[in-house]
Amino acid sequence: MRDWVEVRRGGYHDSVTLMRVSRRLSERPGVAGAMVAMGTGLNREMFGRMGFAVPDEAGPDDLVVAIRVEDEGPGGAGLAEAGEALEGLLREASRPPAREGLLGAPAPARTTGSAAARGEATVALLSVPGPHVLPEAMDALDAGLNVMIFSDNVPVAQEIALKEAAARRGLIVMGPDCGTAVVGGAGLGFANAVRPGPVGVVAASGTGAQQLMCLLDAAGAGVSHVLGVGGRDLSPEVSGRSALAALAALDADPATELIVLVSKPPAPQVLDLIREAARRLDTPVVFALPLPGEDDLTRAAEKALRALGRPVPVWPRWTSPRGAAPVSGRALRGLFAGGTLRDEAEMIARDALGRELEARGHRFTDFGDDAYTRGRAHPMIDPTLRLEALRAEAADGGCGVLLLDVVLGHGAEPDPAAALAPAVAAALRDRSDLAVVVSLCGTPADPQDRDRQAVALCEAGADVFASNAQAARHALTLVDGPIAEGTPR
């Protein structure tokens, strides 16, 4: 093998573009490994794990190119050919879209405000580096637009300032770090293809909102709107500013008959404030919170269906023909792309095991946390880090069950089973005493096709559940036996 590592000063490309370039380069004949990424700390760790030596002077604003090729010979790509392929891929990724029309065509809008003036939009979706969000968001608010901020790493003081400015204008700021919304049937960010219906969702959790949407769709119900508010909205500092505005907006919406509020663990005093506001609404509100004594996402969906007078279905599941034998005495390792799905799984385990959870070696990791996404795409787009963790956990004899989530929908990886199913099959082929359980969040109408993904993962040896809560309980039963829910040992 021969390695080539190059640092290009100031050669910025966004993380999604570089992930796609790396993948396409890795697929070329003769290329044994490739990674093209900005020189952030996390990416430098990834280069190191792949065996590439990155120069110390490479910084987060520099583009690092690392390629490993087979020895030169017939059929081998060679470093020169791989380098040429890289340049072609980067040129293709950087090429601006073709413009229609000839001389005299209108110049493209240069600011959010000027773009708003050209149409009848009501929402601006912002996805720029977090430190640069404030002026763009204020531009949109000044133009009379509600704002969805997909970006993370926005300073909390700026979040508060934006939400106060929105309130003065009678608008809503969804975010920062708002990954999912559905407004008037249009999905924004990571949104699933779901039918319209009578349930409105206020979400301080993107994947929590997606799980609710998908369960309601599976039950034949649907959503009117899903208003994301950002993961920090129910923190003591932000104090639910957008959640309160979203509750009021859905309460005034004639298409919304019931509201579900889903959140990552909220600050207790803010939760009290939200509950008091919910009691004053004409529209009933159901809460789905990853906290002891609260309804998990599946139970919240079931409670909403009963309140609407609709039947609760048997939630879809696909059982592997391999059969998952109990692996008592070994650890459960949860590897999640969705933060709230991770929190829910840990809450279910903690409710059952109490203080014994850590003693038994059970762990739950959110690969969508900011610590893992700085300088690289979210794991719903780029699964590299989680696939590495899957292989490492499978090689640990103390691990008995791997619990993973797969979140489908617009914006997510186009075919997650294509990479995950072979990794699952390889792990199970090497370990007869290992089980894999998958929580699959999606609908049959999603671009990835939920049922096709489920079959591929099931054939690889995983037990697959549409309900994240049911997947977590099944995984826990495999390592600890039947446990009465909510009864700590």
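The exercises below work through the pockets, cavities, domains and selected local features of one predicted model.

The model is predicted, so that local features are reported only at pLDDT of at least 70 and side-chain atom pairs only at pLDDT 80 or more, whereas totals for chains, interfaces and linings use all residues. Residues are numbered from 1 along each chain as its sequence is written, and side-chain values rest on heavy atoms, with hydrogens and water left out.

**Exercise 1. Determine which domains enclose the second largest pocket, and describe its lining.**

Step 1. A pocket is an open set of points on a 1 Å grid over the protein atoms alone, with protein on both sides within 12 Å along at least five of seven lines, and its lining residues have an atom within 4 Å of a point. Grid points are joined across faces, edges and corners, and a volume is the space filled by probe spheres set on the points. On this basis the second largest pocket has a volume of about 770 Å³.

Step 2. The lining comprises 33 residues, and those nearest the centre of the pocket are Met19, Arg23, Asp382, Pro383 and Thr384. Two or more lining residues come from each of helix H1 (15-26), strand E2 (31-38), helix H2 (41-49), helix H14 (384-394) and helix H15 (416-430), where helices (H or I, at least four residues) and strands (E, at least two) are DSSP runs numbered from the N terminus. H1 gives the largest share, 7 residues.

Step 3. Sorted by class, the lining holds 17 nonpolar, 7 polar and 9 charged residues; here Ala, Val, Leu, Ile, Met, Phe, Trp, Tyr, Cys and Pro count as nonpolar, Asp, Glu, Lys and Arg as charged, and the others, Gly among them, as polar.

Step 4. The pocket lies between domain 1 (2-94) and domain 3 (317-480), because both give residues to its lining. The domain bounds come from an automatic or database domain assignment.

**Exercise 2. Find the cavities of 30 Å³ or more and characterise the largest cavity.**

Step 1. A cavity is a set of grid points where a 1.4 Å probe fits but cannot get out. The search of the whole structure yields 4 cavities of 30 Å³ or more.

Step 2. The largest cavity holds about 130 Å³ of space. It is lined by 13 residues, of which Pro379, Pro383, Arg386, Glu413 and Pro416 are the closest to its centre, and the elements giving two or more residues are H14, strand E16 (399-407) and H15.

Step 3. The class count for this lining is 10 nonpolar, no polar and 3 charged residues.

**Exercise 3. Relate the second largest cavity to domain 2 and domain 3, and describe the interface of these domains.**

Step 1. About 50 Å³ of space lies in the second largest cavity. Its lining includes Val262, Ser263, Asp296 and Met347, and divides into 6 nonpolar, 2 polar and 3 charged residues.

Step 2. Strand E11 (258-263) and helix H11 (339-353) each supply at least two lining residues, the largest share being the 3 residues from H11. Domain 2 (120-308) and domain 3 (317-480) each contribute at least three residues to this lining.

Step 3. The centres of domain 2 and domain 3, taken over C-alpha atoms, are separated by 26 Å. In contact (heavy atoms within 4.5 Å) are 28 residues of domain 2 and 31 residues of domain 3.

Step 4. Buried area is the accessible area (1.4 Å probe) that two parts lose on being put together, summed over both. Between domain 2 and domain 3 it is about 2200 Å², with 55% given by carbon and sulfur atoms.

Step 5. A salt bridge requires a side-chain nitrogen of Lys or Arg within 4 Å of a carboxyl oxygen of Asp or Glu, and the rule finds 1 salt bridge across this interface.

**Exercise 4. Identify what the salt bridge of Arg44 and Asp56 ties together, and locate a cis peptide bond.**

Step 1. The closest N and O atoms of Arg44 and Asp56 are 3.9 Å apart. Because Arg44 lies in helix H2 and Asp56 in the loop between H2 and strand E3 (63-69), the pair ties together parts that are 12 residues apart in sequence.

Step 2. Gly175 and Pro176 are joined by a cis peptide bond with omega of about 5°, and Pro176 is found in the loop between strand E6 (173-174) and strand E7 (180-183).
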